Amino acid sequence: WFIKVNEALCVAAMGTPRGAIGGGQGERCVVRNVSFINAEVKVVKALINNVSVDVSANQLPALFSVALLNEVDRIVGHNFLFKRSVLLIKAWAKYESERHSGGHGPCLGSREGRLSTHALNVMVVAMFNALGGAIRSPAQALLWFLQLYHAFDWHSFALTVRGPVSSVDLAPVDAAAEPSLALWRGAAALPETLWGAVRQRYEQARVAALERSPPHMATPAWADGHDDFYRRGLVNIMDPVWP
């Protein structure tokens, strides 16, 4: 699929004036900067009408990650406060963080070995779980985000939606006994049952999808469930759907 999509977008970008392709009611879409990421998860990237678009297929964990974000936003409420906060924080990470990186580029960009969009989403979910009651606007969410993760000890701790865990073996830590985790000591703002319910629905959908998949289809990376082998990195953020 990715070869056909990549080829179609390249043709649209090169074979028509300014990369324009037809749209409904006479509208035109301008396609630029088509690229392909040949990783475990195949992704075709393009800029369409100056909007960055990623195309992937057969990614069941990604669908449930989106479902989790929608559920968190529903619980948080306040006129889509969570989603608006995610958009503002992503915009800062992509366009403004470079000014504070000492010439090392923005902090968002998995292709360059920086934070992925999904990792940033998990960071925002964890923040709302820890401080949800104190966040009333997207601007306030950005300020809390900077304060919370500026002080986070990534060498000692990994991050989950429930909060920090040990970066060595992912064991729970006592925030009350760690001075650097003072902002993580409050009661969780999101229901604890949320994480287990999403994981259970994902496992049911995973089994059902594999039962219905045609024999000739390549086995997806998520077919065998989660990977028990923990690969420790410089920044460790656990996927709540597919750990």
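# A first look at this structure

The chain folds into 6 helices and 6 strands. Please keep in mind that this is a predicted model. From start to finish, the elements follow the order α-β-β-β-β-α-α-α-α-β-β-α. Of the 243 residues in the chain, 35% are buried. Among contacts between residues at least 6 apart in sequence, 50% join residues at least 24 apart. The points below visit the cavity, the aromatic residues, a loop, a strand residue and the cysteines.

**The cavity**

- A search of the whole structure turns up 1 cavity of 30 Å³ or more, and the space inside the largest cavity is about 40 Å³.
- Which residues line the largest cavity? They are Ser65, Leu68, Leu69, His118, Asn121, Val122, Val125 and Pro240.
- Two or more lining residues come from each of helix 2 (60–76) and helix 4 (117–131).
- Helix 4 contributes the most to this lining, with 4 residues.
- Sorted by class, the lining holds 5 nonpolar residues, 3 polar residues and no charged residues.

**Asn121, a residue of the cavity lining**

- Asn121, one of the lining residues, sits in helix 4.
- Is Asn121 buried or exposed? With a relative accessible area of 9%, Asn121 is below the 20% cut-off, so Asn121 counts as buried.
- Setting aside residues up to four places away in sequence, Asn121 touches Leu69, Val86 and Lys90. Leu69 also appears in the lining of the largest cavity.

**Aromatic pairs**

- The whole structure contains 10 aromatic pairs.
- In one of these, Phe82 and Phe128 have ring centres 5.3 Å apart and planes at 80 degrees; the pair is therefore edge-to-face.
- This pair links distant parts of the chain, with Phe82 in helix 3 (residues 81–96) and Phe128 in helix 4, 46 residues apart. Both Phe82 and Phe128 are buried.
- Another pair is made by Phe152 and Trp184, whose ring centres lie 6.0 Å apart. Their planes stand at 70 degrees, so this pair is edge-to-face too.
- Here again distant parts of the chain are linked: Phe152 is in the loop between helix 5 (138–150) and strand 5 (157–160), Trp184 is in the loop between strand 6 and helix 6, and the two are 32 residues apart.
- Phe152 is buried, at 6% relative accessible area, and Trp184 is buried as well, at 9%.
- Phe152 and Trp184 also belong to one aromatic cluster, together with Phe145, Tyr149, Trp154 and Phe157.

**The loop between strand 6 and helix 6**

- Pro172 is found in this loop, which runs between strand 6 (163–166) and helix 6 (193–212).
- Why does Pro172 count as exposed? Its relative accessible area is 75%, and exposed means over 50%.
- Pro172 and Phe157 are 15 residues apart in sequence, with their C-alpha atoms 9.7 Å apart in space. Phe157 is a member of the aromatic cluster described above.
- Ala189 lies in the loop between strand 6 and helix 6 as well. Ala189 has 41% relative accessibility and so counts as partly exposed.
- Across 56 residues of sequence, Ala189 and Gly133 come to 6.8 Å apart in space, C-alpha to C-alpha.
- Leaving out residues up to four places away in sequence, Ala189 touches Phe128, Asn129 and Gly132. Phe128 is the helix 4 partner of Phe82 in the aromatic pair above.

**Ser35 in strand 2**

- Ser35 belongs to strand 2 (residues 28–37), and with a relative accessible area of 17% it is buried.
- Which residues does Ser35 contact, beyond its neighbours within four places in sequence? They are Asn6, Val43, Val44, Lys45 and Arg111.

**Cysteines**

- A disulfide is a covalent bond between the sulfur atoms of two cysteines.
- How many disulfides does a search of the whole structure find? The count is 0.
- Cys10 has 24% relative accessibility and therefore counts as partly exposed. Cys107, at 27% relative accessibility, is partly exposed too.

Methods
Residues are numbered from 1 along each chain as its sequence is written. This is a predicted model: local features need pLDDT of at least 70, side-chain atom pairs count only at pLDDT 80 or more; totals for chains, interfaces and linings use all residues. Side-chain values use heavy atoms; hydrogens and water are left out. On a 1 Å grid over the protein atoms alone, a cavity is a set of points where a 1.4 Å probe fits but cannot get out, and a pocket is an open set with protein on both sides within 12 Å along at least five of seven lines; lining residues have an atom within 4 Å of a point. Grid points are joined across faces, edges and corners, and a volume is the space filled by probe spheres set on the points. Ala, Val, Leu, Ile, Met, Phe, Trp, Tyr, Cys and Pro count as nonpolar, Asp, Glu, Lys and Arg as charged, and the others, Gly among them, as polar. Buried means under 20% relative accessible area, exposed over 50%, partly exposed in between (1.4 Å probe, protein chains only). Contact means heavy atoms within 4.5 Å. A disulfide is a pair of cysteine sulfur atoms within 2.5 Å. Rings of Phe, Tyr and Trp (its six-membered ring) pair if their centres lie within 6.5 Å; planes under 30 degrees apart count as stacked, over 60 as edge-to-face and the rest as tilted.
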